Amino acid sequence: MRRKSTSFGFLHFYCASLLPSKTYSTGALCELSGIFQTLKDFVRLSAFLLCKSFAQMAEAVNPKAYPLADSQLSITIMDLVQQAANYKQLKKGANEATKTLNRGIAEFVVMAADTEPLEILLHLPLLAEDKNVPYVFVPSKQALGRACGVTRPVIACSVTTNEGSQLKSQIQQLKDAIEKLLI
């Protein structure tokens, strides 16, 4: 009995955080908590219902966010960003990305297309083009933040140069893939 009240409390909090305040009732939540025997079932179902496909996310982003990486390239970018964070070859945030471009140590720049307002980072593509550095937009700032190894959303990051880096070949392959998007 105690477990059911705990899952009901979580369910109530979860639905309250997702739905507008008057779109659900306590009775409906009681029915839902009876349906879901375990909290794990509820989490699985809610993740399934809330997950957005890449196509939906791409439609929702600002058309100024060009070039936007497709789903496969986004996964590759996030993976390399995560590795660069581990090798200390990553600068997080629009200000630090601007500094790396100005100093000439940026390999490529990644920006989040769901930034609001997008104009706060639209100086980066201009600067990147002046410095001949590839840049790309990914759909989610939350996912970019996770890849950077922080809990907060990150709207821009820059992978920096390092002479003896083990990531050099991966960075070069990704730079080529990003440049193909611009053509």
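In this predicted model, Asn132 is exposed, with a relative accessible area of 68%. The residue sits in the loop between α7 and β3 (135-138), and its phi is positive, about 55°, although Asn132 is not a glycine. Lys88 tells a similar story on another loop, the one between α5 and β1 (90-92). Its phi is also positive, at about 60°, again without the residue being a glycine, and Lys88 is exposed, at a relative accessible area of 72%. As a reminder of why such backbone angles are worth a look, most residues other than glycine have a negative phi, and most peptide bonds are trans.

The peptide bonds offer two further points of interest. Tyr66 and Pro67 are joined by a cis peptide bond, with omega about 0°; Pro67 belongs to the loop between α4 (54-60) and α5 (71-86). The bond from Glu116 to Pro117 is cis as well, with omega near -15°, and Pro117 is placed in the loop between β2 (106-112) and α7 (123-130).

Stepping back to the overall fold, the protein chain contains nine helices and four strands. Read from the N terminus, its elements follow the order α-α-α-α-α-β-α-β-α-β-α-β-α. Of the 183 residues in the chain, 37% are buried. Among contacts with a sequence separation of 6 or more, 77% are made by residues 24 or more positions apart. The chain exposes about 11100 Å², and carbon and sulfur atoms supply 56% of that area.

The interior is best approached through its nonpolar cores. The largest of them has 24 residues, and those with the most contacts inside it are Ile77, Val81, Leu90, Phe108, Val110, Leu144 and Cys157. Two or more residues of this core come from each of α5, β2, β3, α8 (141-148), β4 (156-160) and α9. Helix α5 gives the largest share, seven residues. A second, separate core holds 18 residues, including Leu101, Met111, Leu121 and Leu127.

Individual residues show how these parts meet. Once residues up to four places away in sequence are set aside, Ile77 touches Ala69, Val110, Val136, Val138 and Leu174. Ser74 is also located in helix α5 and is buried, with a relative accessible area of 9%. The C-alpha atoms of Ser74 and Phe137 are 8.7 Å apart in space, although 63 residues separate the two in sequence. On helix α9 (residues 168-182) lies Lys175, a lysine that counts as buried because its relative accessibility is 16%, below the 20% limit for burial. Beyond its neighbours within four places in sequence, Lys175 is in contact with Glu107, Phe108 and Pro134.

Helix α8 deserves a paragraph of its own. Its buried residues are Leu144, Gly145, Ala147 and Cys148. These cover an arc of only 160° around the axis, and therefore lie on the same side of α8. The general geometry helps here: an α-helix has 3.6 residues a turn, so residues three or four places apart point the same way. The packing partners of the buried residues of α8 are α5, β1, β2, β3 and β4. At the N-terminal end, α8 is capped by Ser140, which has a side-chain oxygen 3.2 Å from the backbone nitrogen of Gln142. Just after the helix, Gly149 adopts a positive phi of about 85°.

Finally, the cysteines invite a closer look. Cys148 is buried, at a relative accessible area of 3%, and Cys157 also counts as buried, at 0% relative accessibility. How far is the sulfur of Cys148 from the closest cysteine sulfur? The closest one is in Cys157, at 4.1 Å, which is too far for a bond. A disulfide would need the two sulfur atoms to be within 2.5 Å. Searching the whole structure accordingly gives zero disulfides.

Terms used
Residues numbered from 1 in each chain as written. Predicted model: local features only at pLDDT ≥ 70, side-chain atom pairs only at ≥ 80, totals over all residues. Heavy atoms only, no water. Buried < 20%, exposed > 50% of the residue type's maximum accessible area, 1.4 Å probe, protein only. Contact = heavy atoms within 4.5 Å. Areas by Shrake-Rupley, 256 points an atom, 1.4 Å probe, with all protein chains shown as cover. Core = buried A, V, L, I, M, F, W, Y, C linked by side-chain atoms within 4.5 Å. Arc of directions from axis to C-beta. Polar contact = N/O pair within 3.5 Å; in protein donor to acceptor, adjacent residues only side chain to side chain.
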